[in-house]
Structures are given as structure tokens and as C-alpha cells.
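Let's take a walk through this one, starting with the overall build and then zooming in on a couple of spots worth a look.

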Amino acid sequence: MAVNGGVSSTLSFGLASGGHAGMVWGWFIPCLFIMCIAGSMAELASSMPTSAGLYYFSAKLAPERYSALASWITGWANVTGQVTLVCSIDYTVAQMITTAVAVSTDGTVILGAGPTYGILLAILVVHGLMCSAATKILARLNLFYGFLTAGATVAAVVALLVCSGGSKVSTRTAFTSFENNTGWGNDGWAFLLAFAAPMWSLTGYDSAAHISEEISSAARAAPIAILVSVAAVGAMGWILIIAVSFTTLSVPALLETDLSLPMGQLLLDVLGKRGMLAVWSFTIIAQFLCGAAQGVDASRVVFAFARDNALPGSRWWKRVNKYTQTPVNAVWLVIALSALCGLLGFSATAFSSLAGASVIGLYTSYATPIFLRITSGRNKLVPGPFSLGRWYMPVGAIAVAWVSFIVVLLCFPPSQTTTAADMNYAPAIILGVFVFAASSWAVSARKWFVGPLPNIDVDMCYSSEAKEM
């Protein structure tokens, strides 16, 4: 979860869906509900620290006869979300690079969909190599990424507020001015579409559960990591959004920019060419490292699911490289699938479709074990060091209701009138995976898939390198 990268990538959502009010409150409101989801997930991670994570939670909390099916649904939803999230993050890195090229050439070089896809492929290959490296190397990169993200976000906030001088909108405008630029006639519905920005930016925090077998005191560390990361990214993102809102003098002007990302135009207007490129370079690096971290997480989810023979060709994807002690085959499966999803880059709504698919997939996998926790699993959970106590029911109910609402919301197109070029392809991606997974279950998987299996030898081999960190 890169704060500056997430805000820069999704700024157009808030700008179109309410202008200043869409940016500020379209970020703040969802964060409150996301904290409920994070709290419920932290409780599960504390009780059951395992790399299988979410689909293991579902298997343990579901009624015994439906345990395998619950695990199957959760696993496939999570894999779908993980892969599309890798693609969407790396696609925004490609957009950031094309934005930097356009600014550095004073607009004489505007790269289209083809070159952008080529840049995406190059980024995916580099991330594939990075994610195949030894765990100790990846740990150092993640530490650097964390400090860089925080530093780049603070630098962006300070630069915008200082360099804009007196060229700011009033506080009233920054927090309450509403403009509907979506194409939807209903202003209330248009405002709701702004929720996609924080929902996409605050994803992937389930990674704390996926690496819990590789860290000490996981039952305490995993829930802390989940809660702190969500709260920190949500708060820092809102501060950056407020700075952006104060320095946005014209919402339509930002939306009409020729640059790939409106945030690039805002930084150019406020900081000038050199200042913009300086801040933008750190944003690119932070988002690039965010993509690498997500690639690691996605490959581990695929690896864990393949260990239980739930994926076609599982015997290949669950192999651990004897030199790096990492699931290299799973890494390159994620990269290949992300490259395939990246073909959506040739549509006008590429990023919104990829972001929507990743949010629907991931949050469905988040909500499933939470739903089971407050229904069939009420008396099954053995509390860990972190527990919601008697608040697990209302917090879990709010989390499930919010995810249900968001899943429906993100299936709608960005405008009332749409064509093949600018439709929302997120439902198509989700439906395609659902049909495949459902067919596989009905035809054969229900006869042999039993949920998470013990893989002690593989787990010990895979985590021994990490314990040296």
C-alpha cells in the first residue's frame, strides 16, 4: 500500500465523482469501514497465524460439510484479486513513466496504449526477477520501500502546500465544493463512485497473514501489522488528499489534461517542470517497489493454494527453487497472468477495470471468513492475543455489509452511456473466474478437494531462509 502512489493513481476517481468533496470525503468515509474489515481480519490472523491465510480461515470457520467449498471460494477470489492487483499497480507505474516522459519533453512525446503496454511488460519482467530472489533480499527492499513511501508522501504534501503560495482554494471549497463529472445524472450515485480510490489503495494488507509462518510471535505481530498499516495509509492518504484539494484550482482542467494521470498535471502546475519531475521520480520508485511487494504476496498466495492442489498444474506452481528457497514457478505464473490482464490497457477504462476486479476479488476473500466468523463460526474461533471480544459481531456485520455494497458498486460502468471501449470490464474478469472455478468444483474438485492440507516439509524448506532475516 503506497500512499503517494495510490493517491496519484486514483486521483481521477475523486475528481470526476464530486470534485473537491469527492476527493476528500470519498477517501475518508470508506476508510472508516475498511478499519472494521481490518479489525476482523486482525482477530482471525491472531487466532490462526498461517501462510494459507484467508482460505484457511474460511475452512476452519465454515460448517464441516461446507468447509472445502468455503475454502475453494475464498482461495479463488483471493488469487483473482492478487493477480489483478499486481497488474493494476504495475500498470499505474507504466502510466507514471509515460507522464514523466510527456512532461520532460514538454508534451512533444505522448505515449499511447501500445508503448504503455510495452512498459508494463518490462516492469512485470523486472518484478518477476525481483520476486524470484532470496527472501533476505526481498526483506531489505520492503524495509526501504516503507521508509521511501512515508518520505515521498510527506515531501509531496509539503511541496504542494508551500510552493502553491497564495494560489489555494478556500477551506470551504476544499472540503465541500461538489462537481459531478462522471456522466451519471444522480449526484449521490456519482459521489459513491469516488469510494473506489481508497478501496483500491487500501488492499493487500492480508499479506501479514500470508507471511505469518516466517516471523516470530506471529499471533501478535500479524494483527498489529494489519491494523497499523491500514490506519497509517488511510490517515496519510487523507492528509495528502486534503493538500491536493487545497491546491486544485480547476477540477475540469485536471480531468482534461493530456497526461496519463491528473496528479502529474497538478504537480506540474504547482511545482513547475523540475519540481514535478523530482517529486514524481520518488512516486514512481515507491509505486514500483509496491508492485514488487505485491508480486511477492501474490506468488505466495498462489503457492499456498497450489500446495493444496487447487490450481490447474499445481504440481508445477508449488515447487520451491532449491537455490533461492522461493516459489519461482508461482512467481512467473503471476507475472504471465498479469501480462494477460494488462491487455485491458488498450481500453479507455483499463485502470478502473483492473482496480475494480482487484477490489472485488480481494474484498470478497476478506469478507467470506468474516461472514463465517459471525455466523457458523461464532463458537469455533479460539481467540489469539488480539481479540475484538464482544464487539466481533457488530464489527464483522458492518464489514460484511460494506463489502457487499462495494462489490455491487464496482460492477457499474463509469457513465450511464457506455461503449465497448469505455465499459467496466471488472465484472467480466470476475465472472470469467467464477464460471471456471464453479465448473471445476461441480465437475471434479468437490470429489477430491478437502481444503488446506499440512505441508510441513515444504513449509520448513520455504521458511528456513526467512528465519535468518
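**From the whole chain to one bent helix**

Of the 469 residues in the protein chain, 56% count as buried. Keep in mind that this is a predicted model. The fold is built from helices: the protein chain has 19 of them and zero strands. Measuring along the principal axes, the C-alpha atoms fill a box of roughly 60 × 45 × 45 Å. For 469 residues, a compact globule would come out with a radius of gyration near 23 Å, and the protein chain has 21 Å, so the two agree.

Now pick out helix α13, which covers residues 262-307. With 46 residues at 1.5 Å a residue, a straight helix would reach 68 Å, yet the end C-alpha atoms of α13 are only 43 Å apart. Where does α13 bend? Look at glycine 272, where α13 turns by about 125°. As for its surroundings, 33 of the 46 residues of α13 are buried, so the rest of the structure largely encloses this helix. After α13 comes asparagine 309, with a positive phi near 60°.

For something on the outside, go to helix α6, residues 135-163, which is where leucine 161 sits. Is leucine 161 buried or partly exposed? Its relative accessible area is 34%, and because buried means under 20% and exposed over 50%, leucine 161 counts as partly exposed. Leu161 also belongs to a nonpolar surface patch with Val154, Val158 and Val162, and together the four have about 330 Å² of accessible area. A bit of helix geometry is handy here: an α-helix has 3.6 residues a turn, so residues three or four places apart point the same way.

Terms used
Residues are numbered from 1 along each chain as its sequence is written. This is a predicted model: local features need pLDDT of at least 70, side-chain atom pairs count only at pLDDT 80 or more; totals for chains, interfaces and linings use all residues. Side-chain values use heavy atoms; hydrogens and water are left out. Helices (H or I, at least four residues) and strands (E, at least two) are DSSP runs, numbered from the N terminus. The expected span of a helix is 1.5 Å times one less than its number of residues. The bend at a residue is the angle between axes fitted to the seven residues ending there and the seven starting there. Buried means under 20% relative accessible area, exposed over 50%, partly exposed in between (1.4 Å probe, protein chains only). Patches are made of residues with over 30% relative accessible area and no salt bridge: like charges are joined within 9 Å, nonpolar side chains (Val, Leu, Ile, Met, Phe, Trp, Tyr) within 5 Å. Accessible areas come from the Shrake-Rupley method with a 1.4 Å probe; for residues, only the protein chains shown count as cover. A salt bridge is a side-chain nitrogen of Lys or Arg within 4 Å of a carboxyl oxygen of Asp or Glu. The radius of gyration is taken over C-alpha atoms; the globule rule is 2.2 Å times the number of residues to the power 0.38.
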